[in-house]
Amino acid sequence: MRAVMHERFGGPEVLEVREVEAPHAGPGQVRIRVEAAALNPVDWKIFGGTPAATARGLEPPLGVGNDIAGTIDEVGEGVEGWAVGDRVLGSARTRAMQDQTVVTPERERIARIPEGLDAGVAASLVVAGRTAWDAVESLGIRAGETLFVHGAAGGVGRIAVQLAVLRGARVIGSASPANHAMLRSLGAEPVAYGEGLADRLLHLQPIDACFDCANAEGVAAALEADVTIERCIAIATKGAHGARGVATDLERTGALDELAALAASGDLDIPVVERFPLERAAEAYRRLMDGHVAGKLVVDLV
């Protein structure tokens with residue numbers, strides 16, 4: 001089968017598409033024929049050799065990616081609840097960008113893809129969707145409250161905006177002016193990020209909570225707007241001003257079934273802004289690392 005691999009840490013230039021032996025499902029495992037893999041910043045942080053890799057004990061040679069959608073084509077001994085032919089989405093850390101991958105459902109969460117849901121959209125729900133879900137859930141966002149989402153046009157922020165709106169919350173989202181119309185269409189009040197953000201937020205009070213998907217400026221501005229640090233979450237700059245992060249075991253937890261149902265019903269819009277064949281995976285990561293991607297990038301394997 002084809003697989004994107006890297007023999008050393010580095011930038012996208014270290015990624016190579018290779019022909020390797022296909023894996024097989026052992027006891028407690030299922031093999032998935034991957035149809036689509038969605039990209040996340042943590043992917044390039046891992047193949048780049050940052051603490052995202054070293055803290056997990058990951059060393060080359062390695063595969064790439066995490067978020068997958070596809071069809072189970074082999075079931076190992078002792079597996080219950082899953083069968084050949086089931087279409088699923090889920091996590092396969094460093095084993096996503098390959099034609100077939102093996103996962104252990106008890107350790108790496110998978111969920112069924114609802115009928116009619118595109119594989120690329122389904123894959124895009126895995127890390128971004130669960131990160132957004134965990135933030136909105138753990139912040140305790142309720143109807144009538146106001147959530148400030150910093151970096152609201154990105155893959156995680158855009159989902160968080162929609163989840164909070166579905167709960168009946170007022171949402172303020174920071175983004176570049178080019179993305180303000182999009183945020184309004186999702187039910188958010190847009191605000192420009194950058195210099196003067198704190199002053200702009202002061203005019204939009206009261207604000208109850210902050211989900212910072214971009215940089216420490218979001219938490220700093222929220223604190224000036226009288227948001228307590230206990231109701232601030234930061235993911236791009238963990239620990240910013242004392243803010244907490246999201247769950248660290250998203251491979252095993254989260255609300256994949258709920259997210260997939262919302263996407264299938266049209267209540268959750270997941271924009272896939274660009275798709276690449278497997279042979280152009282390195283190019284896809286260069287695009288992601290350039291920043292300012294208002295949505296998700298997907299590698300198609302079929």
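This is a dialogue about salt bridges and cysteines in a predicted model.

Biologist: Why is the contact between Arg112 and Asp86 called a salt bridge?

Modeller: The N to O distance between the two side chains is 3.5 Å. The cut-off is within 4 Å, between a side-chain nitrogen of Lys or Arg and a carboxyl oxygen of Asp or Glu, so the pair qualifies. Arg112 lies in strand β8 and Asp86 in the loop between β5 and β6, so the salt bridge ties together parts that are 26 residues apart in sequence.

Biologist: What makes Asp86 buried?

Modeller: Its relative accessible area is 18%. Buried means under 20%, so Asp86 is put in that class. Arg112 has 42% relative accessibility. That value falls between 20% and 50%, so Arg112 counts as partly exposed.

Biologist: How do you know that Asp269 forms a salt bridge with Arg158?

Modeller: The closest N and O atoms of Asp269 and Arg158 are 2.6 Å apart. With a limit of 4 Å, the pair therefore counts. Asp269 sits in the loop between α9 and β14, while Arg158 belongs to helix α5, so parts 111 residues apart in sequence are tied together.

Biologist: Is Arg158 buried or exposed?

Modeller: Arg158 is buried, at 10% relative accessibility. Its partner Asp269, at 35%, counts as partly exposed.

Biologist: Why is the pair Asp300 and Arg275 a salt bridge?

Modeller: Their closest N and O atoms are 2.9 Å apart. This is within 4 Å, so the rule is met. Asp300 is in strand β15 and Arg275 in strand β14, so the pair links parts that are 25 residues apart in sequence. Asp300 has 22% relative accessibility and counts as partly exposed. Arg275, at 34%, also counts as partly exposed.

Biologist: Which residues do salt bridges with shared partners join into one network?

Modeller: Arg2, Arg33, Asp99 and Glu279 are joined in this way.

Biologist: How many salt bridges does the rule give?

Modeller: The count comes to 20.

Biologist: And how many disulfides does the structure hold?

Modeller: The structure has 0 disulfides. For Cys210, the nearest cysteine sulfur is that of Cys232, 4.7 Å away.

Biologist: Why is there no bond between the sulfur of Cys232 and that of Cys210?

Modeller: The two sulfur atoms are 4.7 Å apart, too far for a bond. A disulfide requires them within 2.5 Å, so the pair fails the criterion.

Biologist: What makes Cys210 count as buried?

Modeller: Cys210 has 0% relative accessibility. The limit is under 20%, so Cys210 counts as buried. Cys232 is buried too, with a relative accessible area of 0%.

Definitions and conventions. Residues are numbered from 1 along each chain as its sequence is written. This is a predicted model: local features need pLDDT of at least 70, side-chain atom pairs count only at pLDDT 80 or more; totals for chains, interfaces and linings use all residues. Side-chain values use heavy atoms; hydrogens and water are left out. Helices (H or I, at least four residues) and strands (E, at least two) are DSSP runs, numbered from the N terminus. Buried means under 20% relative accessible area, exposed over 50%, partly exposed in between (1.4 Å probe, protein chains only).
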